[in-house]
Structures are given as structure tokens and as C-alpha cells.
Amino acid sequence: PDVRELAKMAQIGLTDQEAADWQPKINSIIDWFGQLQQVDVSGVQPAVHASDEAAAAKRADVPMLNAAHAQLIGMAPGYVAGYVKVPKISTGADAEAASAAAVAAA
């Protein structure tokens, strides 16, 4: 993947030097995942947790409000009808403009 395109999608400004530094790191991570996909896992039971004790200690899935709910909602860019509203993430020319604006604002 192209580091500059990833940065645009994440709305992160990168210098030429940062892009050059990060490209081999990103490529090595992708290569590592490729190696993982080649591992033969036939006959291996899927694991949800590293140990059976952790699986037994799971709490019930009961909805509850976080103690800091109001504080978290106050930090959100927008909140409408119970949902956090965030800016659209886009690609292309409008993403370049948004990325430039984000860098200028920082």
C-alpha cells in the first residue's frame, strides 16, 4: 500500500521524509501478515482466549452506561439522536483538501 494514500484516508499530513521512512515499515508489516497466511493451521482448534480461565471469567453481556459517558459525549465532534456524529472520511481531491486543512489547524 502507498503510505501517502493511507495518510490521506486517515487525514494525516506527512512530509516526504516521513513517507520515505514509513513505507518500508508498512511493507514489512504487510509481508509479515503474508507469512502468517502461509502457516498450516489445519487441526488447530480456534481459540477465543489464550487460556480457559480467561474464558470462564467473562462477564455477562449486559448493556450499561460508562461512568464517564457524559464526559465522552462532550468530547465528540457531534452527537445526534444517541449516536456520535463524525466527519466523513473521503478519498480523492476532497481528501487532499481535508488533509491540508487538518495539518494547517494543528
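This report walks through the fold, the surface and the salt bridges of a predicted model.

## Overall fold

Let's start with the layout of the chain. Its secondary structure amounts to five helices and two strands. Following the sequence from the start, you meet these elements in the order α-α-α-α-β-β-α.

How do the contacts spread along the sequence? Among contacts with a separation of 6 or more, 39% come from residues 24 or more positions apart.

## Burial and surface

The chain has 106 residues, and 8% of them count as buried. The area exposed by the chain is about 8,900 Å², with carbon and sulfur atoms supplying 61% of that figure.

## A nonpolar patch

One surface feature to look for in the viewer is a nonpolar patch of about 670 Å². Its makers are Ile 29, Trp 32, Phe 33, Leu 36, Val 39, Val 41 and Val 44.

Val 39 is a handy member of the patch to pick out. This valine sits in the loop that runs between α2 and α3, the latter covering residues 52-56. Is Val 39 buried, partly exposed or exposed? With a relative accessible area of 47%, Val 39 is partly exposed; the exposed class would need a value over 50%.

## Two salt bridges

How many salt bridges does the whole structure hold? A search finds two. One of them pairs Arg 4 with Asp 16, and the closest N and O atoms of this pair are 2.2 Å apart. Arg 4 belongs to helix α1 (residues 3-9) while Asp 16 belongs to helix α2 (residues 16-37), so this bridge ties together parts that lie 12 residues apart in sequence. The two partners fall into separate accessibility classes: Arg 4 is partly exposed at 32% relative accessible area, whereas Asp 16 is exposed at 61%.

The other bridge joins Lys 8 to Glu 5, with 3.9 Å between the closest N and O atoms. That distance sits inside the cut-off for a salt bridge, which is 4 Å. Both residues are in helix α1, and because they are three residues apart there, about one helical turn separates Lys 8 from Glu 5. Lys 8 is partly exposed, having a relative accessible area of 25%, and Glu 5 is also partly exposed, at 31%.

## Putting it together

Helix α1 is a good place to finish your tour. Arg 4 in this helix reaches a partner in helix α2, while Lys 8 and Glu 5 pair up within helix α1 itself.

How values were computed:
Residues are numbered from 1 along each chain as its sequence is written. This is a predicted model: local features need pLDDT of at least 70, side-chain atom pairs count only at pLDDT 80 or more; totals for chains, interfaces and linings use all residues. Side-chain values use heavy atoms; hydrogens and water are left out. Helices (H or I, at least four residues) and strands (E, at least two) are DSSP runs, numbered from the N terminus. Buried means under 20% relative accessible area, exposed over 50%, partly exposed in between (1.4 Å probe, protein chains only). Contact means heavy atoms within 4.5 Å. Accessible areas come from the Shrake-Rupley method with a 1.4 Å probe; for residues, only the protein chains shown count as cover. A salt bridge is a side-chain nitrogen of Lys or Arg within 4 Å of a carboxyl oxygen of Asp or Glu. Patches are made of residues with over 30% relative accessible area and no salt bridge: like charges are joined within 9 Å, nonpolar side chains (Val, Leu, Ile, Met, Phe, Trp, Tyr) within 5 Å.
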